[in-house]
Every structure is written in C-alpha cells, then in structure tokens.
Amino acid sequence: MNSNAVIVGGNRTPFAKAGGPYAQAASHDLLTSAIDGLAARYGLSGMQLGEVAAGAVLKHPRDFNLTREAVLSSSLAPTTPACDLQQACGTGLEATIYIANKISLGQIDSGIAGGADSASDAPITVSEPLRKALLAANAARSTGERLKALARIRPSHLKPLAPGVNEPRTGLSMGEHQALTTKRWEVTREAQDELAAASHHSLAAAWDAGFFDDLVTPYLGVAKDSILRPDTSVEKLAKLKPAFGGPDGTMTAGNSTALSDGAATVLLGSEQWARDNHLPVLAKFVDANVAAVDHPAGEDLLLAPVGAVGHMLERNGLTIEDFDLVEIHEAFASTVLATLKAWESEEYCTSLGLNGAIGTLDRSKLNTMGSSLAVGHPFAATGARIVPSLAKMLHDLGPGKRGLVSVCAAGGQGVVAILEAV
Amino acid sequence: MGALEKLFYSPVGHAVSTRAGLADPPQLRRGRTWPDGTVVLAPLGASTLVADTLDLLGLESSDPIVDAPADSPPGYGSRIGALVIDAMDLTTIVGLEDLRAVLRPAVRALEGSGRIVIVAREASGDWEAKSVTRALDGINRTVGKELRRGATSNLVYVAADASASNLVSTLGFVLQGRSAFVDGQTWHVSDASSGIDELIEKPLQDRVVVVTGAARGIGASIARILARDGATIVGVDIPAAGESLAEVANEVGGTALQLDITADDAGAAIAEHVARRGERIYGVVHCAGITRDKMLVNTDADRWGSVLDVNLAAQIRMNEVLLDPAIPGSVEDGGRIVGIASTSGLAGNKGQTNYAASKAGVTGLVEAMAPDLASRGITANAVAPGFIETAMTARIPFIQREIFRRSNSLSQGGQPEDVAEAIGYLLDPASAGVNGQVIRVCGQNLVGA
C-alpha cells in the first residue's frame with residue numbers, strides 16, 4: 001500500500017419513507033444534495049477531487065451516468081471524474097472500498113463514495129408482450145403489417161410493471177428468504193422487537209445529542225430521519241401482524257426496514273491530502289471483504305457477511321473482542337440476530353472454512369446510534385451512511401479504537417470492512 | 001402578493017398613488033462605486049485632514065461655491081457628486097455660518113445618491129465649542145431629511161490627533177454606494193492606527209469571518225458581500241436550516257457549520273471548526289436572531305427567554321470563548337466583532353419588548369466590549385438595521401409594510417446588502433479607529449435616536 005486511506009467525514013440527506021417528502025425527487029437530486037452538503041461542510045466547492053463513485057439500486061435508464069451527472073450538478077469542480085457502481089444494498093460500502101483502494105494504491109489522493117436510492121421514483125417498465133408488439137410494429141414494412149403487429153396488444157399488456165424485488169433465482173422476496181433464515185436460526189419475535197425498539201431509541205438519543213449535526217444536511221425541508229419513531233416500544237411493536245413467514249411468522253413491518261428514499265456520501269483521502277487541505281481525519285479504512293452464499297441451493301440469503309467477516313478477521317489476526325463498535329446493517333431485525341447466532345456457531349463458521357466460531361458479541365457495542373430499522377434503508381446509501389457515522393463514533397472514543405461494518409445484500413452477498421480511529 | 005398590493009402596483013394604482021404624493025422612490029447607487037459628479041471639498045479652517053484623506057482615496061476634488069449675500073445665490077452649473085466638509089477647526093457659532101454658506105449651493109446641486117459628509121472634531125474646549133460640536137449633529141440630521149433623490153448626509157466625529165489613514169476606510173465607505181441606506185447618521189473615529197493608508201478593493205482577503213444566521217436573508221447577504229471583499233466565510237446556522245446554509249457556503253466558497261448557537265459549547269465548536277482548518281478567526285458577525293412578537297401583556301416567560309437567549313445571551317457566551325486567545329481557532333489580535341442591533345432596540349417597537357431588549361442589549365454589549373478589547377486591537381461594533389426587504393419583513397401586512405418602507409428619508413426599504421456593506425466597512429482592517437460604535441442602516445428612519 002502506498003498510503004493510508006482515511007475517512008474525513010460524511011454527509012447524507014435525512015432518510016424518508018418511500019412516497020413521502022422526497023416522492024418528487026430523483027436519485028440524481030438526492031445524490032447531488034448529499035454531495036453539496038459534503039462540499040459545504042468541508043469547503044470543497046470548486047475543488048477537483050480524485051474521483052466520485054456512487055450508485056443506485058433502483059435505476060432509470062436515463063441515470064446511466066448517475067454519479068457523473070450528480071457531480072456536474074454539484075458545486076464540485078466539473079473536472080472531477082465519477083463512475084457508477086452497484087452491488088445491491090452493498091453499493092455504498094463497495095463504493096467506499098473502491099475509493100479507499102484507489103487512494104491506497106496512490107492512483108488518487110481523494111474521493112467521495114456514496115449511494116442514493118429513491119423507492120418513490122423506481123423505474124416503471126412496460127410488459128414483455130407490449131414491448132414485443134412495439135418492436136414488431138417498428139420493424140414492419142407496410143401499414144398492414146404494422147396494424148397486424150399492433151393488433152396483438154391486449155389491454156392487460158398496457159399495465160406498467162414495477163421493478164421486481166424478488167430474488168430472480170428463487171422467486172422469493174427478500175422478506176420471504178429472511179423468514180426461512182429466521183425460522184432456521186430460531187430467532188424469536190420478542191428478540192426482534194427488542195432490537196427494533198432499541199434501534200429507534202438509540203437513533204432518537206443520537207439526534208437529541210446533536211450527533212448528526214455534522215453528518216446530515218436537511219433536504220426539501222426535511223431536517224431529521226422521518227421514519228424514526230422515538231416513542232415506539234416493545235409493547236407497541238408486539239401488536240403488529242406478521243408480514244413475512246405466514247400467519248405464524250415473527251417478522252413484521254416494525255422489525256423489517258421500510259422502503260426508503262435518501263442519499264449518503266463519504267469523503268476519503270490520503271492522510272497527506274487531508275493534512276494538506278486542513279481537513280479532519282476520523283478513521284483509517286483498514287480492510288474490507290466481500291463474500292457470497294449459494295442461496296439458490298438453500299443457503300441463508302442474508303448471512304453472506306458472516307463468511308466475509310470471519311475471513312477478514314482471520315487475515316488481520318483479529319477477534320471480535322478486538323472491536324469497540326460493531327455496525328450490522330438492519331435489513332431485518334432477524335438478519336442481525338441470525339448473524340450474531342451464526343458468529344457463535346462453531347458448526348456454521350467451520351462450514352465456511354473458518355478456523356472456528358467468530359465469537360459472541362458484547363451487545364452494548366452493536367449499532368449504538370441506531371441503524372436501518374430506525375434510520376431507513378435507501379438501498380445504495382446505507383453503506384455510505386454507516387461508514388462516516390462509525391468513523392465519528394470511533395474518533396470520539398479515541399485513537400486506535402476499532403470498528404466493524406457488516407452489510408448484507410441481495411443476490412446472497414455480504415460486504416464488510418474494518419475502520420480504526422485516528 | 002395580496003389583491004390590495006397588486007392593485008397598488010398596477011398602472012391604475014400607480015397613477016392614483018403618484019397623484020396622492022407617493023412618488024416612486026429613487027434608485028440608490030450601491031456597491032463599490034463613487035459619485036458620478038465632482039467631489040467638492042470645503043475646508044472650514046486650516047485643517048487638511050479631509051484633503052489628505054481624499055488624496056489617499058485617489059479622489060480629485062474641486063473648490064466649493066460659497067453662498068454670498070446677493071439676490072440670487074450662485075450655483076454650481078452642473079450636478080455635483082458630493083460635498084465633503086472639513087469642520088475640524090469649527091468651534092464657534094459664528095463659524096457655523098461658513099458651514100451654511102457651503103451647504104446651501106451644494107444641497108441644491110447634489111446629484112441623485114450624492115453625498116454630504118461633515119468631518120468634525122470630537123467635542124472639546126469651552127461651552128460654546130462643545131455646543132457647536134453638537135449643533136453639527138442637528139444640521140446633519142436635518143440636511144439628511146431635506147436631501148432628495150437618494151442623496152444622504154452623514155457626520156463623522158474624528159479624534160483630534162487622527163490622521164488621514166485613520167479616516168480612509170470611513171470616508172471611502174460614506175462616499176461609495178456601499179453606504180446607500182446609511183443616512184443622517186453620526187459616528188466616531190479614533191486615532192487607533194491600522195497602518196493602512198489606502199482603500200483596498202478586497203480588504204478581507206484570506207481572512208476568516210464567521211457569520212451566524214448565514215442560511216438566509218441578511219445573514220446570507222453578509223456572507224456574499226464579505227466573500228466579495230475576499231473573506232473566507234464560515235457560515236453558521238441551526239441544523240434545520242442546513243440545506244440553504246450549504247447553498248450559501250458553496251456559493252461563496254466557504255464552509256458550513258450546522259450549529260445551535262444557544263448550545264453551551266457553540267463557541268467551542270466554532271473555534272474547533274476553524275482550528276481544524278489551521279486558521280484563526282479574523283471577524284465574527286453575530287447575525288443569528290429570532291423574533292417572538294407579542295404585546296407585553298401577552299408575552300410569557302418562554303417568548304421572553306428564547307429571544308433574549310438567541311439574540312443576546314448566546315452572543316455573549318460565544319464571545320467569551322472566541323475572544324480567549326488561548327483557545328486554538330479563536331479571534332486573532334486585530335480582529336473584529338460585529339453585532340446586529342435594531343432600530344426597534346433603539347426606539348422601541350410595539351409588540352417587541354423582548355426583541356427590543358435583546359437588540360438594545362447588543363448595543364450595550366459592543367459599547368462595553370470595545371474598551372476592553374482595544375489593547376488587542378480588536379474592535380466591537382454593531383449595525384442597527386431599519387426596515388430591510390427580507391422574507392421576514394415580506395410577511396408584514398402590505399399597508400403596514402408600505403408605511404414602514406416610506407417612513408425614512410429615502411422613502412424605501414433597505415436591501416440586505418446595505419446592512420452587509422456597513423458590516424464590511426466595520427470589518428475592514430483599515431477601520432481600526434471605529435470601535436464601540438452603532439451604525440444605523442435605516443435610511444434615516446423617522447423613529448429612533
């Protein structure tokens with residue numbers, strides 16, 4: 001490695017429920033706003049950075065160059081290059097890894113990683129029969145042929161199609177997949193509701209303490225994460241009906257993340273660049289890893305991060321006790337709880353080729369400022385939300401403090417990383 | 001815009017209002033611009049202070065026409081841009097006739113947005129001399145009210161030992177368009193040296209200026225004008241205003257700091273932000289402020305307390321931290337503190353007891369701080385805006401708003417940039433001799449001292 005990649009800080013929009021206050025905002029707008037807030041916080045207006053990497057999971061064809069276009073709309077110098085990158089819910093973290101790696105290799109001295117998603121502005125497509133009929137009409141050589149082609153269109157073909165949220169290979173939705181995992185790992189409803197309530201309470205306390213004053217910039221008049229319910233409780237959550245796993249299911253709308261809109265960014269640089277530009281340095285980006293599971297063969301779709309964490313710890317000579325803070329993305333409360341059980345399982349861990357169980361996590365280190373259940377989860381943004389928040393928490397604890405990030409993603413993938421406070 | 005307001009600004013409404021005596025207000029000359037016509041210099045004695053200052057400003061001047069006891073008073077022939085009177089040696093009542101004699105032809109010949117500037121010595125000497133010094137104030141205020149077409153009159157009292165370099169930023173400000181909405185005002189310039197003997201185009205180059213309340217209105221305008229003058233802006237506003245704060249910060253190439261200024265650690269947070277960037281603060285402009293208007297009989301402890309805390313107490317808490325030289329990122333020696341007072345504070349305003357208390361308090365604060373900070377070369381001053389056209393004043397009902405607008409010598413509301421320009425003048429390193437002053441930016445509002 002030529003230089004250390006460090007996290008300077010971050011900025012995100014408040015996250016909001018899909019169809020809510022950001023219903024009219026496109027991913028481009030959200031990402032631009034997040035970049036502009038970052039530029040204002042760190043005085044980057046007019047500056048040329050090494051590169052900006054970001055992405056969106058729900059993407060319109062017009063957004064083929066989403067990140068570059070957002071850079072051009074932002075106050076950064078228009079000569080700042082950018083690329084789109086996507087790894088489902090791992091996008092924000094994968095983009096961070098991409099920028100950190102380039103900095104470490106000395107290819108760039110600075111960059112922004114990020115992600116944006118608008119579940120409100122999801123791309124709507126036309127049906128397959130309609131597409132085929134229109135193609136045939138277009139290729140027709142005579143009016144007669146054209147009419148014949150168009151005559152094949154039926155009213156039902158005109159119904160617009162929302163983007164699929166099901167796993168293409170299993171036909172199951174993510175919630176249905178997680179319901180299988182929840183059952184297999186015997187995660188109780190009570191434990192899930194407790195985790196969800198704790199997420200809301202921790203996030204509310206963090207907002208009250210001003211923790212997000214230098215991490216979030218309001219957008220469209222929204223100043224706080226609007227999914228947050230500070231007054232929720234285990235009792236209130238216990239009243240909700242199951243959403244996944246059938247009538248006996250334990251997963252509800254309360255312990256599953258809501259479809260969300262929002263964008264998040266991380267500012268990274270080499271230590272030298274940060275120093276030269278008089279910018280703060282919160283944490284080093286130490287290492288990262290990705291792993292995948294064979295979910296079509298029946299493996300747990302959202303437990304891929306377990307293997308990713310295990311192998312990353314082994315190659316860094318670290319154990320779970322070496323971490324002061326741990327952030328596990330709350331796709332569902334039961335994802336986090338099943339992950340923790342998997343970490344403790346000798347059998348599961350060795351089946352992944354690890355030397356033994358990852359270990360038992362001291363729960364007081366977990367998601368201490370709340371996570372996706374309370375904040376919301378604009379798919380591509382989540383990794384870029386977690387990294388600067390964790391870097392700030394670690395920095396507040398003092399130099400050398402270590403943090404672990406674990407994010408699960410569609411397609412049976414897991415993206416994980418280690419940060420260390422400077 | 002309400003129906004009544006639309007009617008008022010329609011061609012028919014305009015014709016009616018003009019016949020009723022509500023003429024269109026004059027367009028004011030603004031920015032770093034000099035008068036079009038000649039600058040006339042009228043020394044009323046041996047003093048060369050004003051002549052020397054005009055030299056430093058690089059301004060040519062011509063001799064005054066003096067009123068003679070004849071049937072038809074002589075005229076200038078063409079419009080003049082300004083009359084600058086050096087009254088440093090004026091100490092007698094008889095001598096006031098010399099002042100009248102240069103004022104009379106000049107007032108008649110003054111161009112639109114022209115300037116009358118009287119430079120006089122601080123009160124000293126015998127009873128008559130002191131009385132004459134004060135008489136000038138009455139003359140200045142009255143001339144301000146009589147001048148038309150956006151012309152203004154201002155009086156500057158200068159320390160006896162002051163030199164031209166002490167006066168250069170002040171005379172430059174008053175003659176330029178930057179002082180467009182400053183009219184009928186009087187303030188003092190001491191002989192505190194700045195070592196600067198010219199008017200600098202970008203006086204704040206590479207200097208860090210913190211502006212609280214920078215997200216919108218007057219605060220945003222202050223950030224823009226100070227950035228124009230070279231300042232590196234640290235814009236501060238409450239986290240909820242972060243979106244517009246970020247826009248302003250990016251526009252002026254500064255940084256945004258989302259912060260509740262009433263928090264106990266607000267001053268420390270600002271200093272830390274500046275220190276982290278390896279800098280120190282040159283100027284602090286306390287622009288953040290709120291109103292919670294109610295008649296006193298309806299004002300509860302909450303309305304009272306929140307206004308006093310945001311507008312005054314928070315400012316004092318932040319100053320205490322930011323003026324501690326031991327704290328990294330605090331205000332450097334030779335720095336500047338500027339508060340925003342208000343004509344409501346100076347004159348009182350129905351429904352604003354809490355606001356008037358806080359704003360009059362700001363006046364008292366800068367007057368108290370000024371002598372204490374003088375040893376470090378730091379000045380503390382305030383500006384007191386009158387009716388300024390902002391989103392806040394746009395919410396005042398139309399008729400009331402139109403009355404407020406026209407209740408001054410310039411018959412119009414001021415622009416946020418007018419307030420910003422006055423602050424820029426106070427922040428100018430060359431304004432070292434302006435300390436503990438409150439300058440009203442009110443177009444010579446009819447109310448207030």
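**Chain B and its partner, piece by piece**

Colleague: I'm new to this one, so which domains does the domain assignment give for chain B?

Modeller: For chain B the assignment gives domain 1 (38-189) and domain 2 (208-441), the bounds coming from an automatic or database domain assignment. This is a predicted model, in which local features need pLDDT of at least 70 and side-chain atom pairs count only at pLDDT 80 or more, while totals for chains, interfaces and linings use all residues. Residues are numbered from 1 along each chain as its sequence is written, and chains are lettered from A and ligands numbered from 1 in the order in which they are written.

Colleague: How far apart are the C-alpha centres of those two domains of chain B, and how many residues does the contact take from each?

Modeller: The C-alpha centres of domain 1 and domain 2 of chain B lie 30 Å apart. The contact takes 20 residues from domain 1 of chain B and 17 residues from domain 2 of chain B, where two residues are in contact if their C-beta atoms, placed from the backbone, lie within 7 Å.

Colleague: Which element gives the most on the domain 1 side?

Modeller: Helix H5 (127-146), helix H6 (164-175) and strand E6 (186-189) of chain B each supply at least two residues of the side of domain 1 that touches domain 2, and H6(B) gives the most, with 5 residues. Helices (H or I, at least four residues) and strands (E, at least two) are DSSP runs, numbered from the N terminus. The residues of that side of domain 1 of chain B divide into 8 nonpolar, 9 polar and 3 charged; Ala, Val, Leu, Ile, Met, Phe, Trp, Tyr, Cys and Pro count as nonpolar, Asp, Glu, Lys and Arg as charged, and the others, Gly among them, as polar.

Colleague: Let's move to the sheets. What is the strand order in the open sheet of 6 strands in chain B?

Modeller: The order is E2-E1-E3-E4-E5-E6 (chain B), and the pairing is parallel, with two strands counted as paired if DSSP finds at least two bridges between them. Strand E2 (61-62) and E6 of chain B are the edge strands, each pairing on one side only. Within this sheet, strand E3 (residues 80-87) and strand E4 (residues 110-121) of chain B pair in the parallel sense over 7 bridges, and B:Asp86 has B:Val119 in E4(B) as its bridge partner.

Colleague: Which other residues is B:Val119 in contact with?

Modeller: Leaving aside its neighbours within four places in sequence, B:Val119 is in contact with several residues, including B:Leu49, B:Val84, B:Met88 and B:Val158. B:Val119 is also among the residues that touch the most other members of the largest nonpolar core, which has 268 residues. Such a core is a set of buried Ala, Val, Leu, Ile, Met, Phe, Trp, Tyr and Cys residues joined through C-beta atoms within 7 Å.

Colleague: And the sheet of 7 strands, which strands stand at its edges?

Modeller: That open sheet has the order E9-E8-E7-E10-E11-E12-E13 (chain B), with parallel pairing. E9 and strand E13 (438-441) of chain B stand at the edges with a single partner strand each, so one side of each is left without a neighbour in the sheet. Neighbouring strands of this sheet are turned by 20° against each other on average, direction ignored. Helix H12 (residues 353-373) of chain B packs on the sheet, touching E11, strand E12 (379-385) and E13 of chain B, and its direction makes about 160° with that of E12(B). Axes here are lines fitted to C-alpha atoms, for helices over the stretch in contact, and angles run from 0 to 180 degrees between N-to-C directions.

Colleague: Now the other chain: how many residues does the contact take from chain B and from chain A?

Modeller: The contact takes 17 residues from chain B and 18 residues from chain A. On the side of chain B that touches chain A, H8 and E9 of chain B each supply at least two residues, and H8(B) gives the most, with 6 residues. That side of chain B divides into 7 nonpolar, 7 polar and 3 charged residues.

Colleague: Is H8(B) mostly covered or mostly uncovered?

Modeller: Helix H8 (residues 242-251) of chain B is mostly covered, since 8 of its 10 residues are buried. A residue is buried if 20 or more other C-beta atoms lie within 10 Å of its own, exposed if 12 or fewer, and partly exposed in between, with C-beta atoms placed from the backbone. What covers the buried residues of H8(B) includes helix H1 (27-42) of chain A together with helix H7 (217-228), strand E8 (232-237) and strand E9 (255-258) of chain B. Just after H8(B), B:Gly253 takes a positive phi of about 65°.
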